[in-house]
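Q: Could you take me for a close look at one part of this model, and then follow it outwards to whatever lies around it? I'd be glad of the cut-offs along the way.

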Amino acid sequence: MSLQETVSAERVHIAWFGLRNAGKSSLVNAVTGQDLSIVSDVRGTTTDPVRKAMELLPLGPVVIIDTPGLDDEGELGRLRVERTGRILAGTDIAVLAADATLGLTALDREFLSELKKRKLPFILAYTKADLLNASERALRTAEAGIGAESEAGIGAKSEAGSESGGIPVVFTSAVTGEGIHELKELLGSFAPKAAKEKVILADLVTPGSTVVLVTPIDSSAPKGRLILPQQLTLRELLDHHCRAIVCQPEELAGTLASLKNPPALVVTDSQAFAEVNAALAADIPLTSFSILFARYKGNLETLMRGAKAIDSLREGDEVLISEGCTHHRQCEDIGTVKLPGWIEKHVGFRPVFSFTSGGDFPDDPKKYALIIHCGGCTLPEREMQHRLDTAEYAGVPIVNYGIAIAHMNGILRRSLSVFGEEFL
(Lines give C-alpha, C1' and ligand atoms only; values in the text may rest on other atoms or scores of the structure.)
Protein backbone atom coordinates (compact mmCIF):
# COMPACT_ATOMS: atom_id res chain seq x y z
CA MET A 1 0.00 0.00 0.00
CA SER A 2 1.48 3.36 -1.02
CA LEU A 3 1.65 6.37 1.26
CA GLN A 4 -1.16 8.01 -0.69
CA GLU A 5 -3.39 4.97 -0.09
CA THR A 6 -2.72 4.73 3.66
CA VAL A 7 -6.03 4.85 5.51
CA SER A 8 -6.59 7.43 8.23
CA ALA A 9 -6.51 4.92 11.09
CA GLU A 10 -3.03 3.79 10.02
CA ARG A 11 -1.57 7.30 9.78
CA VAL A 12 0.28 9.23 12.49
CA HIS A 13 -2.20 11.73 13.97
CA ILE A 14 -0.62 15.09 14.78
CA ALA A 15 -2.89 17.49 16.66
CA TRP A 16 -2.11 21.19 17.11
CA PHE A 17 -3.29 22.99 20.22
CA GLY A 18 -3.00 26.51 21.59
CA LEU A 19 -4.85 29.57 22.82
CA ARG A 20 -6.88 31.68 20.46
CA ASN A 21 -4.74 33.99 18.34
CA ALA A 22 -1.53 32.23 19.37
CA GLY A 23 -0.65 31.71 15.72
CA LYS A 24 -1.48 28.00 15.76
CA SER A 25 -3.32 27.89 12.44
CA SER A 26 -0.64 29.97 10.72
CA LEU A 27 1.94 27.50 12.00
CA VAL A 28 -0.10 24.55 10.72
CA ASN A 29 -0.28 26.17 7.28
CA ALA A 30 3.47 26.86 7.28
CA VAL A 31 4.37 23.28 8.25
CA THR A 32 1.97 21.65 5.77
CA GLY A 33 2.68 24.09 2.97
CA GLN A 34 -1.09 24.38 2.44
CA ASP A 35 -3.85 26.77 3.44
CA LEU A 36 -5.30 24.04 5.61
CA SER A 37 -6.71 26.39 8.25
CA ILE A 38 -8.36 29.80 7.92
CA VAL A 39 -6.08 32.49 9.37
CA SER A 40 -7.38 35.75 10.79
CA ASP A 41 -6.53 38.31 13.44
CA VAL A 42 -9.98 37.66 14.89
CA ARG A 43 -9.72 35.48 18.00
CA GLY A 44 -11.31 32.04 17.71
CA THR A 45 -11.35 31.74 13.92
CA THR A 46 -10.92 27.97 14.20
CA THR A 47 -14.24 26.87 15.70
CA ASP A 48 -14.16 23.15 14.92
CA PRO A 49 -11.33 20.66 14.45
CA VAL A 50 -9.94 20.71 10.91
CA ARG A 51 -8.48 17.40 9.65
CA LYS A 52 -6.29 16.79 6.63
CA ALA A 53 -4.72 13.51 5.52
CA MET A 54 -1.42 14.17 3.78
CA GLU A 55 2.25 13.23 3.57
CA LEU A 56 4.59 15.12 5.86
CA LEU A 57 8.26 14.30 5.52
CA PRO A 58 10.13 12.84 7.32
CA LEU A 59 7.10 11.25 9.01
CA GLY A 60 5.29 10.00 5.93
CA PRO A 61 1.48 9.61 5.88
CA VAL A 62 -0.15 11.69 8.63
CA VAL A 63 -3.42 13.26 9.66
CA ILE A 64 -3.04 16.91 10.64
CA ILE A 65 -5.66 18.18 13.11
CA ASP A 66 -6.05 21.89 13.85
CA THR A 67 -8.16 22.43 16.97
CA PRO A 68 -10.15 25.34 18.43
CA GLY A 69 -8.48 27.56 21.01
CA LEU A 70 -8.01 26.14 24.49
CA ASP A 71 -9.45 29.37 25.90
CA ASP A 72 -12.61 29.44 23.77
CA GLU A 73 -15.45 31.18 25.64
CA GLY A 74 -19.20 30.84 26.13
CA GLU A 75 -21.34 27.72 26.04
CA LEU A 76 -20.30 26.87 22.48
CA GLY A 77 -16.72 27.55 23.44
CA ARG A 78 -16.99 25.12 26.35
CA LEU A 79 -18.29 22.43 24.02
CA ARG A 80 -15.47 23.11 21.57
CA VAL A 81 -12.88 22.84 24.33
CA GLU A 82 -14.44 19.53 25.41
CA ARG A 83 -14.19 18.27 21.83
CA THR A 84 -10.56 19.39 21.74
CA GLY A 85 -9.98 17.30 24.87
CA ARG A 86 -11.48 14.25 23.18
CA ILE A 87 -9.13 14.70 20.24
CA LEU A 88 -6.24 14.00 22.62
CA ALA A 89 -7.45 10.41 22.92
CA GLY A 90 -6.61 9.76 19.27
CA THR A 91 -3.47 11.90 19.05
CA ASP A 92 -0.07 10.32 18.42
CA ILE A 93 1.94 13.56 18.60
CA ALA A 94 0.79 16.88 20.05
CA VAL A 95 2.12 20.34 19.22
CA LEU A 96 1.36 23.17 21.66
CA ALA A 97 1.64 26.53 19.91
CA ALA A 98 2.39 29.30 22.40
CA ASP A 99 2.66 33.00 21.53
CA ALA A 100 6.32 33.84 22.13
CA THR A 101 5.48 37.51 22.70
CA LEU A 102 3.33 36.54 25.70
CA GLY A 103 5.06 33.46 27.05
CA LEU A 104 3.42 30.45 28.63
CA THR A 105 0.04 31.20 30.19
CA ALA A 106 -1.57 29.26 33.03
CA LEU A 107 -3.70 27.40 30.46
CA ASP A 108 -0.59 26.52 28.44
CA ARG A 109 1.09 25.11 31.53
CA GLU A 110 -2.03 23.20 32.51
CA PHE A 111 -2.19 21.68 29.04
CA LEU A 112 1.50 20.71 29.14
CA SER A 113 0.86 18.94 32.44
CA GLU A 114 -2.01 17.01 30.85
CA LEU A 115 0.23 15.94 27.97
CA LYS A 116 2.85 14.70 30.41
CA LYS A 117 0.23 12.85 32.46
CA ARG A 118 -0.96 11.07 29.33
CA LYS A 119 2.67 10.26 28.39
CA LEU A 120 1.91 11.68 24.97
CA PRO A 121 4.84 12.76 22.75
CA PHE A 122 4.65 16.52 22.33
CA ILE A 123 6.52 19.61 21.19
CA LEU A 124 6.31 23.17 22.48
CA ALA A 125 6.39 25.49 19.47
CA TYR A 126 6.81 29.18 20.26
CA THR A 127 5.16 31.21 17.50
CA LYS A 128 5.86 34.77 16.29
CA ALA A 129 9.56 34.32 17.05
CA ASP A 130 10.41 37.05 14.53
CA LEU A 131 9.13 39.57 17.12
CA LEU A 132 11.63 38.50 19.83
CA ASN A 133 15.12 39.66 20.62
CA ALA A 134 17.87 37.41 22.01
CA SER A 135 17.15 38.10 25.68
CA GLU A 136 13.44 37.45 25.22
CA ARG A 137 14.24 34.12 23.55
CA ALA A 138 16.40 33.13 26.49
CA LEU A 139 13.56 34.02 28.84
CA ARG A 140 11.07 31.89 26.90
CA THR A 141 13.50 28.99 26.88
CA ALA A 142 13.97 29.26 30.64
CA GLU A 143 10.24 29.42 31.39
CA ALA A 144 9.72 26.15 29.56
CA GLY A 145 11.84 24.52 32.25
CA ILE A 146 14.76 23.60 30.02
CA GLY A 147 18.23 24.87 29.30
CA ALA A 148 19.09 26.96 26.26
CA GLU A 149 20.99 23.99 24.82
CA SER A 150 17.63 22.22 24.31
CA GLU A 151 16.36 24.67 21.72
CA ALA A 152 15.42 23.59 18.19
CA GLY A 153 15.50 19.88 18.64
CA ILE A 154 18.20 18.88 21.11
CA GLY A 155 15.53 18.34 23.76
CA ALA A 156 13.74 15.94 21.44
CA LYS A 157 16.52 13.39 21.75
CA SER A 158 14.87 12.17 24.94
CA GLU A 159 11.26 11.20 25.44
CA ALA A 160 8.94 14.18 25.85
CA GLY A 161 7.96 14.79 29.42
CA SER A 162 10.51 12.36 30.86
CA GLU A 163 12.58 13.21 33.91
CA SER A 164 15.79 13.21 31.91
CA GLY A 165 14.91 15.20 28.85
CA GLY A 166 12.64 18.15 29.58
CA ILE A 167 10.41 19.62 26.89
CA PRO A 168 11.42 19.69 23.23
CA VAL A 169 10.99 23.27 22.10
CA VAL A 170 11.43 25.19 18.87
CA PHE A 171 11.04 28.86 18.00
CA THR A 172 8.99 29.39 14.84
CA SER A 173 7.72 32.16 12.62
CA ALA A 174 5.08 31.68 9.96
CA VAL A 175 6.20 35.06 8.53
CA THR A 176 9.94 34.36 8.04
CA GLY A 177 9.84 30.56 7.97
CA GLU A 178 12.15 30.32 10.95
CA GLY A 179 12.02 26.99 12.75
CA ILE A 180 9.61 25.31 10.32
CA HIS A 181 12.19 22.79 9.10
CA GLU A 182 13.35 22.17 12.67
CA LEU A 183 9.75 21.55 13.76
CA LYS A 184 9.29 18.98 10.99
CA GLU A 185 12.49 17.24 12.09
CA LEU A 186 11.23 17.19 15.67
CA LEU A 187 7.98 15.62 14.51
CA GLY A 188 9.96 13.05 12.58
CA SER A 189 11.93 12.12 15.71
CA PHE A 190 8.68 10.90 17.27
CA ALA A 191 7.72 8.66 14.36
CA PRO A 192 6.59 5.24 15.61
CA LYS A 193 9.38 2.76 15.05
CA ALA A 194 7.94 -0.73 14.86
CA ALA A 195 10.51 -3.47 15.32
CA LYS A 196 8.29 -5.81 13.36
CA GLU A 197 5.70 -4.95 10.73
CA LYS A 198 2.21 -5.74 11.93
CA VAL A 199 0.12 -8.05 9.81
CA ILE A 200 -3.58 -8.88 9.78
CA LEU A 201 -3.40 -12.53 8.76
CA ALA A 202 -0.30 -13.04 6.60
CA ASP A 203 1.34 -14.99 9.43
CA LEU A 204 -1.58 -17.43 9.50
CA VAL A 205 -1.36 -18.57 5.88
CA THR A 206 1.34 -19.35 3.35
CA PRO A 207 1.76 -18.01 -0.18
CA GLY A 208 -0.45 -19.94 -2.56
CA SER A 209 -3.07 -20.68 0.11
CA THR A 210 -6.77 -20.26 -0.60
CA VAL A 211 -8.67 -18.05 1.83
CA VAL A 212 -12.43 -17.50 1.69
CA LEU A 213 -13.76 -14.11 2.81
CA VAL A 214 -17.46 -14.09 3.68
CA THR A 215 -18.84 -10.59 3.29
CA PRO A 216 -22.60 -10.07 3.67
CA ILE A 217 -24.10 -7.44 1.40
CA ASP A 218 -27.28 -6.19 3.03
CA SER A 219 -28.98 -2.83 3.45
CA SER A 220 -26.36 -1.72 5.99
CA ALA A 221 -23.39 -2.49 3.70
CA PRO A 222 -21.79 0.59 2.12
CA LYS A 223 -22.82 1.07 -1.49
CA GLY A 224 -20.14 0.36 -4.06
CA ARG A 225 -17.37 -0.65 -1.66
CA LEU A 226 -16.25 -3.04 1.05
CA ILE A 227 -15.80 -1.98 4.64
CA LEU A 228 -12.25 -1.18 5.73
CA PRO A 229 -11.34 -4.52 7.43
CA GLN A 230 -12.47 -6.41 4.34
CA GLN A 231 -10.48 -4.11 2.06
CA LEU A 232 -7.27 -4.36 4.08
CA THR A 233 -7.56 -8.12 4.56
CA LEU A 234 -8.10 -8.69 0.86
CA ARG A 235 -5.16 -6.45 -0.04
CA GLU A 236 -2.85 -8.24 2.40
CA LEU A 237 -3.80 -11.62 0.96
CA LEU A 238 -3.00 -10.37 -2.54
CA ASP A 239 0.31 -8.92 -1.37
CA HIS A 240 1.07 -12.30 0.24
CA HIS A 241 0.30 -14.12 -3.04
CA CYS A 242 -2.69 -15.99 -1.65
CA ARG A 243 -5.84 -16.85 -3.57
CA ALA A 244 -8.70 -14.86 -2.07
CA ILE A 245 -12.28 -15.90 -2.78
CA VAL A 246 -15.01 -13.47 -1.72
CA CYS A 247 -18.63 -14.56 -1.34
CA GLN A 248 -21.80 -13.86 0.61
CA PRO A 249 -23.01 -16.22 3.37
CA GLU A 250 -25.67 -17.84 1.21
CA GLU A 251 -23.04 -18.57 -1.44
CA LEU A 252 -20.55 -20.22 0.93
CA ALA A 253 -21.70 -23.82 0.49
CA GLY A 254 -21.46 -23.56 -3.29
CA THR A 255 -18.08 -21.84 -3.03
CA LEU A 256 -16.67 -24.60 -0.83
CA ALA A 257 -18.06 -27.29 -3.14
CA SER A 258 -16.29 -25.69 -6.11
CA LEU A 259 -12.88 -25.95 -4.46
CA LYS A 260 -10.66 -28.95 -5.10
CA ASN A 261 -9.16 -28.67 -1.59
CA PRO A 262 -10.57 -27.07 1.58
CA PRO A 263 -9.50 -23.46 2.17
CA ALA A 264 -6.61 -22.74 4.52
CA LEU A 265 -8.82 -20.23 6.36
CA VAL A 266 -12.31 -18.76 6.28
CA VAL A 267 -12.81 -15.19 7.53
CA THR A 268 -16.35 -13.96 8.03
CA ASP A 269 -18.12 -10.77 8.94
CA SER A 270 -19.16 -11.19 12.56
CA GLN A 271 -22.89 -10.99 11.92
CA ALA A 272 -22.71 -14.16 9.78
CA PHE A 273 -20.71 -16.18 12.33
CA ALA A 274 -23.46 -18.69 13.17
CA GLU A 275 -24.42 -19.33 9.54
CA VAL A 276 -20.81 -19.71 8.41
CA ASN A 277 -19.88 -21.93 11.35
CA ALA A 278 -22.75 -24.29 10.51
CA ALA A 279 -21.65 -24.54 6.88
CA LEU A 280 -18.02 -25.39 7.63
CA ALA A 281 -16.44 -28.71 8.48
CA ALA A 282 -14.91 -28.67 11.96
CA ASP A 283 -11.35 -28.98 10.62
CA ILE A 284 -11.53 -25.76 8.52
CA PRO A 285 -10.07 -22.78 10.46
CA LEU A 286 -12.59 -19.98 11.01
CA THR A 287 -12.34 -16.48 12.43
CA SER A 288 -13.78 -13.02 11.79
CA PHE A 289 -12.54 -9.68 10.50
CA SER A 290 -13.33 -8.13 13.87
CA ILE A 291 -11.21 -10.66 15.76
CA LEU A 292 -8.35 -10.31 13.28
CA PHE A 293 -8.34 -6.55 13.80
CA ALA A 294 -8.45 -6.90 17.59
CA ARG A 295 -5.23 -8.88 17.35
CA TYR A 296 -3.79 -6.47 14.79
CA LYS A 297 -4.34 -3.52 17.14
CA GLY A 298 -3.06 -5.45 20.17
CA ASN A 299 -6.42 -5.52 21.97
CA LEU A 300 -7.39 -9.17 21.68
CA GLU A 301 -6.58 -10.36 25.21
CA THR A 302 -8.44 -7.47 26.88
CA LEU A 303 -11.51 -7.98 24.71
CA MET A 304 -11.50 -11.73 25.26
CA ARG A 305 -11.84 -11.18 29.01
CA GLY A 306 -14.89 -9.00 28.44
CA ALA A 307 -16.82 -11.77 26.65
CA LYS A 308 -17.58 -13.62 29.89
CA ALA A 309 -19.41 -10.58 31.26
CA ILE A 310 -22.25 -11.18 28.80
CA ASP A 311 -23.27 -14.26 30.78
CA SER A 312 -23.27 -12.25 34.04
CA LEU A 313 -25.75 -9.60 32.93
CA ARG A 314 -28.75 -9.06 35.21
CA GLU A 315 -32.12 -7.47 34.53
CA GLY A 316 -31.86 -3.71 34.74
CA ASP A 317 -28.16 -3.66 33.79
CA GLU A 318 -27.10 -1.00 31.30
CA VAL A 319 -25.10 -2.05 28.26
CA LEU A 320 -23.29 0.46 26.05
CA ILE A 321 -22.90 -0.43 22.37
CA SER A 322 -20.30 1.88 20.82
CA GLU A 323 -19.10 2.32 17.25
CA GLY A 324 -16.01 4.18 16.14
CA CYS A 325 -17.49 5.41 12.87
CA THR A 326 -20.63 7.38 12.15
CA HIS A 327 -23.08 6.14 9.54
CA HIS A 328 -26.74 6.22 8.66
CA ARG A 329 -28.36 3.36 10.53
CA GLN A 330 -30.53 0.94 8.58
CA CYS A 331 -33.26 -1.45 9.66
CA GLU A 332 -30.71 -4.30 9.72
CA ASP A 333 -28.07 -2.31 11.60
CA ILE A 334 -25.82 -4.63 13.58
CA GLY A 335 -25.13 -2.24 16.46
CA THR A 336 -28.63 -1.00 17.26
CA VAL A 337 -30.78 -3.88 16.01
CA LYS A 338 -29.01 -7.21 15.62
CA LEU A 339 -26.71 -7.15 18.65
CA PRO A 340 -29.41 -6.14 21.14
CA GLY A 341 -31.61 -8.91 19.76
CA TRP A 342 -28.87 -11.54 20.04
CA ILE A 343 -28.00 -10.45 23.59
CA GLU A 344 -31.66 -10.58 24.65
CA LYS A 345 -31.98 -14.09 23.21
CA HIS A 346 -28.75 -15.20 24.89
CA VAL A 347 -29.48 -13.94 28.42
CA GLY A 348 -33.28 -14.34 28.35
CA PHE A 349 -34.20 -10.70 28.99
CA ARG A 350 -33.54 -7.28 27.47
CA PRO A 351 -30.93 -5.13 29.24
CA VAL A 352 -31.05 -1.34 29.03
CA PHE A 353 -29.10 -0.39 25.90
CA SER A 354 -27.32 2.88 25.15
CA PHE A 355 -25.53 3.73 21.91
CA THR A 356 -22.65 5.99 20.91
CA SER A 357 -20.84 6.47 17.60
CA GLY A 358 -17.98 8.39 16.08
CA GLY A 359 -15.95 10.42 18.56
CA ASP A 360 -18.48 10.04 21.37
CA PHE A 361 -17.35 7.75 24.17
CA PRO A 362 -18.07 8.33 27.88
CA ASP A 363 -15.24 9.68 30.02
CA ASP A 364 -16.65 7.81 33.00
CA PRO A 365 -18.55 4.65 31.99
CA LYS A 366 -18.99 3.29 35.54
CA LYS A 367 -22.76 3.05 35.21
CA TYR A 368 -22.50 0.36 32.51
CA ALA A 369 -22.33 -3.34 33.30
CA LEU A 370 -20.74 -4.02 29.91
CA ILE A 371 -19.41 -2.17 26.86
CA ILE A 372 -19.62 -3.81 23.45
CA HIS A 373 -17.47 -1.97 20.91
CA CYS A 374 -17.18 -2.33 17.17
CA GLY A 375 -13.90 -3.52 15.69
CA GLY A 376 -12.53 0.03 15.82
CA CYS A 377 -11.05 -0.25 12.33
CA THR A 378 -11.48 3.47 11.61
CA LEU A 379 -10.05 4.59 14.96
CA PRO A 380 -6.36 5.36 15.47
CA GLU A 381 -4.69 2.70 17.60
CA ARG A 382 -4.06 5.17 20.42
CA GLU A 383 -7.73 6.19 20.56
CA MET A 384 -8.93 2.59 20.68
CA GLN A 385 -6.45 1.88 23.46
CA HIS A 386 -7.69 4.96 25.31
CA ARG A 387 -11.24 3.60 25.20
CA LEU A 388 -10.06 0.23 26.53
CA ASP A 389 -8.10 1.95 29.29
CA THR A 390 -11.09 4.12 30.20
CA ALA A 391 -13.28 1.04 30.56
CA GLU A 392 -10.63 -0.82 32.55
CA TYR A 393 -10.07 2.12 34.90
CA ALA A 394 -13.83 2.28 35.53
CA GLY A 395 -13.91 -1.46 36.18
CA VAL A 396 -16.26 -2.08 33.25
CA PRO A 397 -15.66 -5.14 31.03
CA ILE A 398 -15.40 -4.40 27.33
CA VAL A 399 -15.68 -6.74 24.35
CA ASN A 400 -15.93 -6.19 20.61
CA TYR A 401 -18.66 -7.27 18.21
CA GLY A 402 -16.85 -10.27 16.76
CA ILE A 403 -15.77 -11.78 20.08
CA ALA A 404 -19.20 -11.16 21.64
CA ILE A 405 -21.02 -12.81 18.73
CA ALA A 406 -18.64 -15.78 18.66
CA HIS A 407 -19.11 -16.23 22.42
CA MET A 408 -22.89 -16.12 22.20
CA ASN A 409 -22.80 -18.72 19.40
CA GLY A 410 -20.46 -21.00 21.35
CA ILE A 411 -17.69 -20.76 18.77
CA LEU A 412 -15.24 -18.37 20.42
CA ARG A 413 -12.70 -21.10 21.04
CA ARG A 414 -12.85 -22.16 17.39
CA SER A 415 -12.46 -18.58 16.15
CA LEU A 416 -9.40 -18.04 18.36
CA SER A 417 -7.70 -21.37 17.67
CA VAL A 418 -6.25 -19.99 14.42
CA PHE A 419 -3.86 -17.92 16.56
CA GLY A 420 -2.46 -20.88 18.51
CA GLU A 421 -2.61 -22.13 22.09
CA GLU A 422 -1.73 -18.82 23.73
CA PHE A 423 -5.24 -17.45 23.05
CA LEU A 424 -7.19 -20.53 24.12
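A: Happy to! A residue is called buried under 20% relative accessible area, exposed over 50% and partly exposed in between, using a 1.4 Å probe and protein chains only. Helices (H or I, at least four residues) and strands (E, at least two) are DSSP runs numbered from the N terminus. This is a predicted model, so local features need pLDDT of at least 70 and side-chain atom pairs 80 or more, while totals for chains, interfaces and linings use all residues. Numbering starts from 1 along each chain as its sequence is written, and side-chain values use heavy atoms, without hydrogens and water.

Let's zoom in on helix α6, residues 228-239. With 12 residues at 1.5 Å each (times one less than the number of residues), α6 should span 16 Å, and its end C-alpha atoms are indeed 16 Å apart. Its buried residues are Leu-228, Pro-229, Gln-230, Leu-232, Thr-233, Glu-236 and Leu-237. These pack against β7 (210-214), β8 (243-247) and α9 (289-296), where contact means heavy atoms within 4.5 Å. After α6 comes His-241, which has a positive phi near 60°.

From α6 we can step across to its neighbour α9, which gives 3 residues, the largest share, to the lining of the largest cavity. A cavity is a set of points on a 1 Å grid over the protein atoms alone where a 1.4 Å probe fits but cannot get out, and lining residues have an atom within 4 Å of a point. Searching the whole structure turns up 1 cavity of 30 Å³ or more, and the largest holds about 30 Å³ of space; volume here is the space filled by probe spheres set on the points, joined across faces, edges and corners. Around that space sit Ser-290, Phe-293, Ala-294, Asn-299, Leu-303, Cys-374, Gly-375, Met-384 and Asn-400. The lining divides into 5 nonpolar, 4 polar and no charged residues, with Ala, Val, Leu, Ile, Met, Phe, Trp, Tyr, Cys and Pro counted as nonpolar, Asp, Glu, Lys and Arg as charged, and the others, Gly among them, as polar.

For another buried spot, look at Thr-127 in strand β5 (residues 122-127). Thr-127 counts as buried because its relative accessible area is 3%. Leaving out residues up to four places away in sequence, Thr-127 touches Ala-22, Gly-23, Leu-27, Ala-97, Ala-98, Asp-99, Ala-100 and Thr-172.

Terms used
1 Å grid on protein atoms, 1.4 Å probe; cavity = no way out; pocket = protein on both sides within 12 Å on 5 of 7 lines; lining within 4 Å.
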